[in-house]
Amino acid sequence: MSDDQPADQPADASREPAADHYFTARPASAAERRELTVRLAGREVTVEVASGIFSPGRLDLGTQVLLRSVPDLPSAASGPDGAAHLLDLGCGWGPVALTMALESPEATVWAVDVNERALDLVRRNAERLGLGNVRAARPEDVPDDVRFAAIWSNPPIRVGKDVLHDMLLHWLPRLEPGADAHLVVQRNLGADSLMAWLDEHLGGDLSVGRLASAKGFRVLEVSRAG
């Protein structure tokens, strides 16, 4: 994958209907399910993928950059139920959520997406890997009182600025005190302008910076003061 190839361009996009996007709630294209072997959390795993979702043919480059850049997940229990809650926002078939669940088996990992096919794949892949701590959910199905010890996301840039901004302003303020969110965004799809926008619009106890830059991507870090 070249540095200037859009990070959210599906490998088989030419075979999908023009209106069938990975951020469509119910993809119209045939599922075309298949297996894919990838490396997550330091181990080789086989997962199930399908067309009509984000990056159905591979572990996309942006997510690779994100997973190589993020710090270790918090180990302390932090939620009201005695468990840390972690969020993968825009989960697709689940590489980020599965990595979180493999690295923090005691945490509750929320894999959030609007695409029902993606959520089904996350559930299947979590079961395949024996990960009972993954909850695949639509945004409205996550309880409002859940706060997150970490948020990792390869956000759906192509939904448009208004939708993207609303989504980030909804989820990022739900970080716990002392917690961080990490977002990977392609440089030529507006990573630097998004970082400036977040810095302007997030609350005073949330700070924004750049954690890493690689392969044409930026990893942005949003931190809540402890």
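## Helix α4 and its two sides

Buried here means a relative accessible area under 20%, while exposed means over 50%. With that in hand, take helix α4 of this predicted model. The helix spans residues 161-171, and Leu 164, His 165, Met 167, Leu 168 and Trp 171 are buried in it. Looking down the axis of α4, you find these buried residues within an arc of 160 degrees, so they line one face of the helix. The general rule behind such a pattern is simple: an α-helix has 3.6 residues a turn, so residues three or four places apart point the same way.

Turn to the other side of α4 and you meet Asp 162 and Asp 166, both exposed. And what do the buried residues of α4 pack against? Their partners are the strands β3 (85-89), β4 (108-112), β6 (148-153) and β7 (175-186), plus helix α5 (191-201).

## The chain as a whole

Stepping back, the protein chain has nine strands and five helices. Their order along the sequence is β-β-α-β-α-β-α-β-β-α-β-α-β-β. Of its 226 residues, 52% count as buried.

As for contacts, take those in the protein chain with a separation of 6 or more: 70% of them are between residues 24 or more positions apart. The accessible surface of the chain is about 9,900 Å², and carbon and sulfur atoms make up 47% of that area.

## Two nonpolar cores

In soluble globular proteins, nonpolar side chains tend to be buried together. Here, the largest nonpolar core has 41 residues, and those with the most contacts inside it are Val 38, Val 47, Leu 86, Trp 93, Val 134 and Trp 152. Which helix gives the most to this core? That would be α2 (residues 95-103), with six residues.

There is also a second, separate core of 30 residues, with Phe 148, Met 167, Met 195 and Leu 206 among them. Met 167 is one of the buried residues of α4. Back to Val 134: leaving aside residues up to four places away in sequence, Val 134 touches Ala 97, Ala 101, Val 109, Ala 111, Val 122 and Ala 126.

## One cavity

How many cavities of 30 Å³ or more does the structure hold? Just one. The largest cavity has about 80 Å³ of space. Its lining consists of 14 residues, and Phe 54, Asp 60, Thr 63, Cys 91 and Pro 95 lie nearest the centre.

## Loops worth a look

Most residues other than glycine have a negative phi. Ser 55 has a positive one, near 45 degrees. You'll find Ser 55 in the loop between β2 (43-49) and α1 (61-69). Is Ser 55 buried or exposed? Its relative accessible area is 1%, so Ser 55 is buried.

Lys 215 also isn't a glycine, and its phi is positive too, at about 55 degrees. This lysine is in the loop between β8 and β9 (217-224). With a relative accessible area of 47%, Lys 215 is partly exposed.

Gly 203 belongs to the loop between α5 and β8 (206-214). Its relative accessibility is 35%, so Gly 203 counts as partly exposed. In sequence, Gly 203 and Leu 172 are 31 residues apart, yet in space their C-alpha atoms are 9.9 Å apart.

Notes
Residues numbered from 1 in each chain as written. Heavy atoms only, no water. Helix = DSSP H or I, 4+ residues; strand = E, 2+ residues; numbered from the N terminus. Buried < 20%, exposed > 50% of the residue type's maximum accessible area, 1.4 Å probe, protein only. Contact = heavy atoms within 4.5 Å. Areas by Shrake-Rupley, 256 points an atom, 1.4 Å probe, with all protein chains shown as cover. Arc of directions from axis to C-beta. Core = buried A, V, L, I, M, F, W, Y, C linked by side-chain atoms within 4.5 Å. 1 Å grid on protein atoms, 1.4 Å probe; cavity = no way out; pocket = protein on both sides within 12 Å on 5 of 7 lines; lining within 4 Å. Points joined across faces, edges and corners; volume = space filled by probe spheres on them.
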